[in-house]
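Please look over the sequence and the model before reading on. The text below goes through the structure step by step.

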Amino acid sequence: MARIAFYAPIKPPDHAIASGDRQIALLLIKALELAGHSVELASRHISYSKKSALDILADKKQAAMDEAARLVIDWRARPAVERPALWLTYHPYCKSPDWIGPRLCQEFDLPYATIEACRTHQGRNDEWRPWRDIVTASVRSAAMNFWLTATDQAYLRSILPDAATMAPLLPFVDLQALGEVPAHPLPASFDPNLPTLIAVAMMRPGAKARSYALLADALERIDGHRFNLLVTGDGPIRAEVEAAFSFLPERQVHFAGALDHDQAIGAMKSADLFVWPGYREAIGMVYLEAQAVGLPVVALRTAGTPEALVHGQTGLLTDPDSDQHDGVAGALAEAMAALLDSRSLRQTMGQAGVDYIGRYRDIGAAAGVLAAVLDPLVARSANSAR
């Protein structure tokens with residue numbers, strides 16, 4: 001067993017605010033432990049910035065260097081066998097670069113690794129270039145960089161000389177843990193004889209707002225179908241979201257607000273169909289979770305969603321064509337109607353989703369990948385320490 005220093009510069013895994021990033025970080029730690037290692041949360045320092053100004057960059061770097069200096073003192077005070085043998089940073093990108101890991105690895109001659117280093121859509125006018133340069137330097141210094149999606153892989157290929165320091169790690173869930181979550185009762189106003197559709201997403205401007213607008217438009221186009229709609233999530237545009245679904249009878253739609261992770265999973269277990277367009281959804285963890293609990297999925301064929309489910313087997317993907325809102329909403333409506341029309345199709349796809357997750361996307365498979373790639377690095381690190 002080796003000690004691994006884990007760091008998430010965008011948000012520590014024990015942060016109070018739930019998010020997809022936090023959930024992935026928690027799963028990674030669990031997978032590393034399943035792979036036979038002990039994991040140390042190296043730092044809770046957050047380097048994330050919403051703005052790209054150079055003075056902010058300087059302040060962020062100084063704060064990170066102060067944190068690195070603190071860690072150097074702490075690690076030097078430990079016996080060598082109690083220090084981490086490898087540093088692993090999750091999700092460094094322009095808005096949350098990692099200054100700390102490379103500094104500690106240099107000081108203690110440790111291998112450095114990243115998971116989901118990526119380039120986002122921000123900064124088309126190059127305002128984020130200085131921030132990106134920091135991420136590029138850290139990625140190039142890494143002994144290994146795990147990519148989660150084809151987009152991440154393309155980014156790594158664009159900045160690395162070859163694929164020697166790249167490895168795939170498919171996004172995953174803990175199927176056993178999800179199976180232990182109890183189903184959450186549906187709202188009393190719902191008709192138990194109608195299928196229940198569920199959407200799980202934060203309510204904020206941008207891509208999430210576009211997905212909610214597409215979902216509302218699509219549902220309004222489904223003529224002759226009756227259903228319950230459960231929406232879980234909250235945020236600054238909640239009033240706007242609720243207004244978009246005002247065409248539905250009040251007894252058929254329920255806004256549950258923000259739920260913790262287990263509550264959201266329990267709500268999905270009580271539903272019949274997961275409907276979330278997922279416009280610009282980078283990874284689509286929520287789709288993996290929906291499939292894991294037996295829900296067929298309807299989503300757009302965009303960004304990370306095609307990599308999260310199997311079209312025609314575990315769900316239905318429709319064309320995104322972002323310039324044609326009516327066409328996009330219409331295609332989503334057709335896909336949802338097809339699944340609303342057939343309980344047997346929903347059940348078949350739901351079971352296929354469970355099988356798919358169990359075979360390819362469960363935490364055991366991820367632990368195996370992490371062990372195979374990281375164990376040689378850890379072994380060399382431990383040998384050099386001795």
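The paragraphs that follow describe a predicted model, beginning with a sheet and ending with some single residues.

Strands of a sheet pair through backbone hydrogen bonds, and the pairing is either parallel or antiparallel. One sheet in this model is open and has six strands, in the order β2-β1-β3-β4-β5-β6, with parallel pairing. Its edge strands are β2 (38-41) and β6 (166-168), each of which pairs on one side only. On average, neighbouring strands of this sheet are turned by 25 degrees against each other, if direction is ignored. Helix α5 (residues 150-159) packs on the sheet, where α5 touches β5 (144-147) and β6. The direction of α5 makes about 150 degrees with that of β5.

Two strands of this sheet can be followed residue by residue. Strand β1 (residues 3-7) and β3 pair in the parallel sense over four bridges. For isoleucine 4, the bridge partner in β3 is leucine 86.

Strand β3 covers residues 86-90, and threonine 89 belongs to this strand. Is threonine 89 buried or exposed? Threonine 89 has a relative accessibility of 0%, so it counts as buried. Its side chain is joined to the side chain of tryptophan 87 by a polar contact of 2.8 Å. When neighbours within four places in sequence are left aside, threonine 89 is in contact with Tyr7, Pro9, Asp98, Tyr112, Ala113, Thr114 and Ile115.

Further along the chain is strand β7, which runs over residues 196-200. How many of the residues of β7 are buried? The number is five of five, and the strand is mostly covered. In a regular strand the side chains alternate between the two faces of the sheet. In β7, Thr196, Ile198 and Val200 lie on one side, while Leu197 and Ala199 lie on the other. These residues are all buried, so both faces of β7 are covered.

Strand β7 pairs with strand β8 (residues 228-232) in the parallel sense, over five bridges. In this pairing, valine 200 has threonine 232 of β8 as its bridge partner. Strand β7 also pairs with strand β10 (residues 273-275), again in the parallel sense, over two bridges. Here leucine 197 has leucine 273 of β10 as its bridge partner. A helix also belongs to this part of the picture: β7, helix α7 (residues 207-221) and β8 make a right-handed β-α-β unit.

Threonine 196 is a residue of β7. Its relative accessible area is 1%, and because buried means under 20%, threonine 196 is buried. The side chain of threonine 196 makes a polar contact of 3.2 Å with the side chain of asparagine 228. Beyond its neighbours within four places in sequence, threonine 196 is in contact with Leu186, Phe190, Asn228, Leu230, Ala271, Asp272 and Leu273.

Next comes the packing of helices. Two packed helices are described by the angle between their axes and the distance between the axes. For helix α2 (residues 54-76) and helix α4 (residues 129-141), the axes come within 10 Å and cross at roughly 30 degrees. On the α2 side, the contact is made by Leu54, Ile56, Leu57 and Lys60, and on the α4 side by Pro130, Trp131 and Ile134. Of the residues of this contact, six are nonpolar, none is polar and one is charged.

Some loop residues have a backbone angle worth checking in the model. Most residues other than glycine have a negative phi. Aspartate 109 is not a glycine, yet its phi is positive, at about 55 degrees. Aspartate 109 is found in the loop between α3 (100-108) and β4 (112-115). With a relative accessible area of 57%, aspartate 109 is exposed. Arginine 280 is not a glycine either, and it has a positive phi of about 55 degrees. Its place is in the loop between β10 and α10 (285-292). At 47% relative accessibility, arginine 280 counts as partly exposed, because the exposed class begins over 50%.

The last residue is glycine 327, in helix α11 (residues 325-341). Glycine 327 counts as partly exposed, at 48% relative accessibility. How far apart are glycine 327 and alanine 218 in sequence and in space? They are 109 residues apart in sequence, and 9.7 Å apart in space from C-alpha to C-alpha.

Notes:
Residues are numbered from 1 along each chain as its sequence is written. This is a predicted model: local features need pLDDT of at least 70, side-chain atom pairs count only at pLDDT 80 or more; totals for chains, interfaces and linings use all residues. Side-chain values use heavy atoms; hydrogens and water are left out. Buried means under 20% relative accessible area, exposed over 50%, partly exposed in between (1.4 Å probe, protein chains only). A polar contact is a pair of N or O atoms within 3.5 Å; within protein, one must be able to donate a hydrogen and the other to accept it, and residues adjacent in sequence count only if both atoms are side-chain atoms. Contact means heavy atoms within 4.5 Å. Axes are lines fitted to C-alpha atoms, for helices over the stretch in contact, and angles run from 0 to 180 degrees between N-to-C directions. Ala, Val, Leu, Ile, Met, Phe, Trp, Tyr, Cys and Pro count as nonpolar, Asp, Glu, Lys and Arg as charged, and the others, Gly among them, as polar. Two strands pair if DSSP finds at least two bridges between them. A crossover is right-handed if, with the strands pointing away from the viewer, the path from the first strand over the helix to the second runs clockwise.
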